[in-house]
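Dear colleague,

I am handing over the structure below, and after it I set out what was found in it, contact by contact. Please read the notes with the coordinates open beside them.

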Amino acid sequence: MFESRFESGNLRRAIKISETEWIQEHVHNIEKDIGRKIDLKKECVHHIDGIKHNNDISNLFLTTHSYHKKLHQSIFMDTIKELMDKNIVYFHRNANKYTVR
């Protein structure tokens with residue numbers, strides 16, 4: 001297994017499946033569970049709890065790219081609205097990002 005970190009700090013894991021080929025652990029786990037290769041052009045794997053290195057099958061959800069984007073947008077916007085309403089976060093215009101107060 002190979003592990004590295006994204007710039008965000010999230011851990012990423014890959015599994016060596018041949019001498020020259022690696023597969024992301026969450027993709028490998030979902031393929032093993034459903035018994036087929038996923039079509040990465042059409043499908044992707046959503047981490048239900050948002051923790052990208054939690055690749056337990058109970059935390060993975062196979063979906064389309066368009067639905068995956070909708071999932072993240074709805075969760076993000078609902079959460080941000082609630083946190084902004086509670087004055088916990090604000091949008092920092094100079095940094096172009098949401099910031100905790």
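In this model, which is predicted, Arg13 forms a salt bridge with Glu25, and the closest N and O atoms of the two are 3.9 Å apart. Since Arg13 lies in strand 2 (residues 11-16) and Glu25 in helix 1, the pair ties together parts that are twelve residues apart in sequence. The two partners are covered to unlike degrees, in that Arg13 counts as partly exposed at 22% relative accessibility, whereas Glu25 is buried, with a relative accessible area of 11%.

The count of salt bridges comes to six, and two others among them may be worth opening next. The side chains of Lys16 and Glu19 meet in a salt bridge at 4.0 Å, N to O; here Lys16 is partly exposed, with a relative accessible area of 42%, and Glu19 counts as exposed at 68%. Asp85 forms a salt bridge with Lys81, with 2.9 Å between the closest N and O atoms, and both residues lie in helix 2, four residues apart, which is about one turn of the helix. Both ends of that pair are exposed, Asp85 having a relative accessibility of 56% and Lys81 a relative accessible area of 51%.

Helix 1 (residues 25-34) also holds Glu31, which counts as buried at 11% relative accessibility, because the limit for buried is under 20%. When neighbours within four places in sequence are left aside, Glu31 is in contact with Ile23, Arg36, Lys37 and Ile38.

Which residues make up the largest nonpolar core? There are seven in all, namely Ile15, Ile23, Val27, Ile30, Ile38, Val45 and Leu60, so that Ile23 and Ile38, which are contacts of Glu31, belong to this core as well. Within the core, Val45 can serve as a point of entry: not counting residues up to four places away in sequence, Val45 touches the core members Val27, Ile30, Ile38 and Leu60, and also His26, Phe61, Leu62 and His68.

His47 is found in strand 4 (residues 43-47) and is buried, with a relative accessible area of 6%. What does the side chain of His47 meet in polar terms? One polar contact is with the side chain of Asn55, at 2.8 Å, and in addition a polar atom of the His47 side chain lies 3.1 Å from the backbone oxygen of Lys52. The wider surroundings of His47, again not counting residues up to four places away in sequence, consist of His26, Lys52, Asn54, Asn55, Asn59 and Leu60; of these, His26 and Leu60 are also touched by Val45.

At the surface, Phe76, Met77, Met84, Phe91 and Tyr98 form a nonpolar patch, with about 430 Å² of accessible area together. Helix 2 (residues 65-85) gives the most to this patch, with three residues, while Phe91 comes from strand 6 (residues 89-92). Phe91 is partly exposed, with a relative accessible area of 34%, and therefore passes the limit of over 30% that patch residues have to meet.

With best regards

Definitions and conventions. Residues numbered from 1 in each chain as written. Predicted model: local features only at pLDDT ≥ 70, side-chain atom pairs only at ≥ 80, totals over all residues. Heavy atoms only, no water. Core = buried A, V, L, I, M, F, W, Y, C linked by side-chain atoms within 4.5 Å. Buried < 20%, exposed > 50% of the residue type's maximum accessible area, 1.4 Å probe, protein only. Contact = heavy atoms within 4.5 Å. Patch = residues over 30% accessible without salt bridge, like charges linked within 9 Å, V, L, I, M, F, W, Y side chains within 5 Å. Areas by Shrake-Rupley, 256 points an atom, 1.4 Å probe, with all protein chains shown as cover. Helix = DSSP H or I, 4+ residues; strand = E, 2+ residues; numbered from the N terminus. Polar contact = N/O pair within 3.5 Å; in protein donor to acceptor, adjacent residues only side chain to side chain.
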